[in-house]
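Reader: I am new to this structure and should be grateful for a close look at a single part of it. Please choose one residue as the point of departure and explain what surrounds it.

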Amino acid sequence: MSTLTFAIQMETDGEQYYLKQAALNKGTSLQRAFLLLAETEKKHADLLRKKDISSDSSISDDILNAEQTDLFSGKDDYKREAEVVPGQLEVYAVALDMEQKSIDLYQKMLIEAKDKQVKQLMKFLVKQEQDHFALFNELITLLRRPKDWVENAEFGNREEY
């Protein structure tokens, strides 16, 4: 399998997973979060489709056989239950974990790439995933602040934001 084909498939799998979760959580705040994640994965796949890589570079069997390459299969659905509904914080934490796994995978593929165009593609993907990791990390920080800072605003030192 070519590196580009593999990367497009991984992004498409992510989009489908998040769309399914959005449908399962229709009418909740999670639907919007999952739709945001699906749109991000779709944009990644669209960007990859526009890349012109003419080499026959392929992914090594070690990477294809690794468990981490199939990031979205086997993931549990977020189920809405009467007592506990996962919030945006939990969804963003899962997204953060998925972004980190994508970064790790693309960095491994970058190290193994021999073709200059494939190396450029992997660097591009790593940068994209790092940007999204930073975004979700910041969203988590912002969502946690109201829960973490319960003391009186008159007292204590807090970082500015």
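**Phe 34 and its surroundings**

Author: Phe 34 is buried, with a relative accessible area of 1%. That value, like every other one in this account, comes from a predicted model. The residue counts as buried because the term applies under 20% relative accessible area.

The setting may be described first. The chain contains five helices and zero strands, and along the sequence its pattern reads α-α-α-α-α. Of its 161 residues, 37% count as buried. Among the contacts in the chain with a separation of 6 or more, 77% are between residues 24 or more positions apart.

Phe 34 takes part in an aromatic pair with Tyr 18. By the rule used for ring pairs, the count comes to three aromatic pairs. Tyr 18 and Phe 34 form one that is stacked, with 6.4 Å from centre to centre and 25 degrees between the planes. The pair is stacked because planes under 30 degrees apart receive that description. It joins distant parts of the chain, since Tyr 18 belongs to helix H1 and Phe 34 to helix H2, with their positions 16 residues apart. Tyr 18 is buried as well, at a relative accessible area of 2%. Ring pairs also bring in Tyr 17, so that Tyr 17, Tyr 18 and Phe 34 are linked into a cluster.

The two helices that carry this pair are themselves packed together. Two packed helices are described by the angle between their axes and the distance between the axes. For H1 (residues 3–24) and H2 (residues 29–50), the angle is about 160 degrees and the axes are 8 Å apart. H1 is therefore roughly antiparallel to H2, because angles over 145 degrees count in that way. The crossing of the two is left-handed. On the side of H1, the residues in contact include Leu 4, Ala 7, Ile 8, Glu 11, Tyr 18 and Leu 19. On the side of H2, they include Phe 34, Leu 35, Leu 37, Ala 38, Glu 41 and Leu 48. By character, the residues of this contact divide into 12 nonpolar, five polar and five charged.

Phe 34 also belongs to a second helix contact, that of H2 with H4. The axes of H2 and H4 come within 9 Å and cross at roughly 20 degrees. H2 is therefore roughly parallel to H4, and the crossing is right-handed. Ser 29, Leu 30, Ala 33, Phe 34, Leu 36, Leu 37 and Glu 41 of H2 make this contact with Gln 88, Val 91, Tyr 92, Ala 95 and Glu 99 of H4. Its residues divide into eight nonpolar, two polar and two charged.

Tyr 18, the ring partner of Phe 34, leads to H4 by another route. H1 and H4 (residues 88–112) pack at an angle of about 175 degrees, with their axes 12 Å apart. This makes H1 roughly antiparallel to H4. From H1, Thr 3, Phe 6, Ala 7, Met 10, Glu 11 and Tyr 18 meet Ala 95, Met 98, Ser 102, Leu 105, Tyr 106 and Met 109 in H4. The division here is nine nonpolar, two polar and one charged.

From H4 the account can be carried on to helix H5. Tyr 92, named above in the contact of H2 with H4, is buried, and so is Phe 136. Tyr 92 and Phe 136 form an aromatic pair that is tilted, with 5.8 Å centre to centre and 35 degrees between the planes. This pair, too, links distant parts of the chain, with Tyr 92 in H4 and Phe 136 in H5 (residues 116–148), 44 residues apart. Phe 136 has a relative accessible area of 0%. Leaving out residues up to four places away in sequence, Phe 136 touches Leu 37, Tyr 92, Ala 95, Leu 96 and Glu 99. The C-alpha atoms of Phe 136 and Asp 97 are separated by 9.6 Å, although their positions lie 39 residues apart along the chain.

A residue elsewhere in H2 offers a contrast. Leu 47, found in helix H2, counts as partly exposed at 34% relative accessibility, whereas Phe 34 is buried at 1%. Apart from its neighbours within four places in sequence, Leu 47 is in contact with Phe 124 and Gln 128. Leu 47 and Leu 125 are 9.7 Å apart in space, C-alpha to C-alpha, and 78 residues apart in sequence.

Definitions and conventions. Residues are numbered from 1 along each chain as its sequence is written. This is a predicted model: local features need pLDDT of at least 70, side-chain atom pairs count only at pLDDT 80 or more; totals for chains, interfaces and linings use all residues. Side-chain values use heavy atoms; hydrogens and water are left out. Axes are lines fitted to C-alpha atoms, for helices over the stretch in contact, and angles run from 0 to 180 degrees between N-to-C directions. Helices (H or I, at least four residues) and strands (E, at least two) are DSSP runs, numbered from the N terminus. Angles under 35 degrees count as roughly parallel, over 145 as roughly antiparallel, 65 to 115 as roughly perpendicular and the rest as oblique. A crossing is left-handed if the near helix is turned anticlockwise from the far one by less than a right angle, and right-handed if clockwise. Contact means heavy atoms within 4.5 Å. Ala, Val, Leu, Ile, Met, Phe, Trp, Tyr, Cys and Pro count as nonpolar, Asp, Glu, Lys and Arg as charged, and the others, Gly among them, as polar. Rings of Phe, Tyr and Trp (its six-membered ring) pair if their centres lie within 6.5 Å; planes under 30 degrees apart count as stacked, over 60 as edge-to-face and the rest as tilted. Buried means under 20% relative accessible area, exposed over 50%, partly exposed in between (1.4 Å probe, protein chains only).
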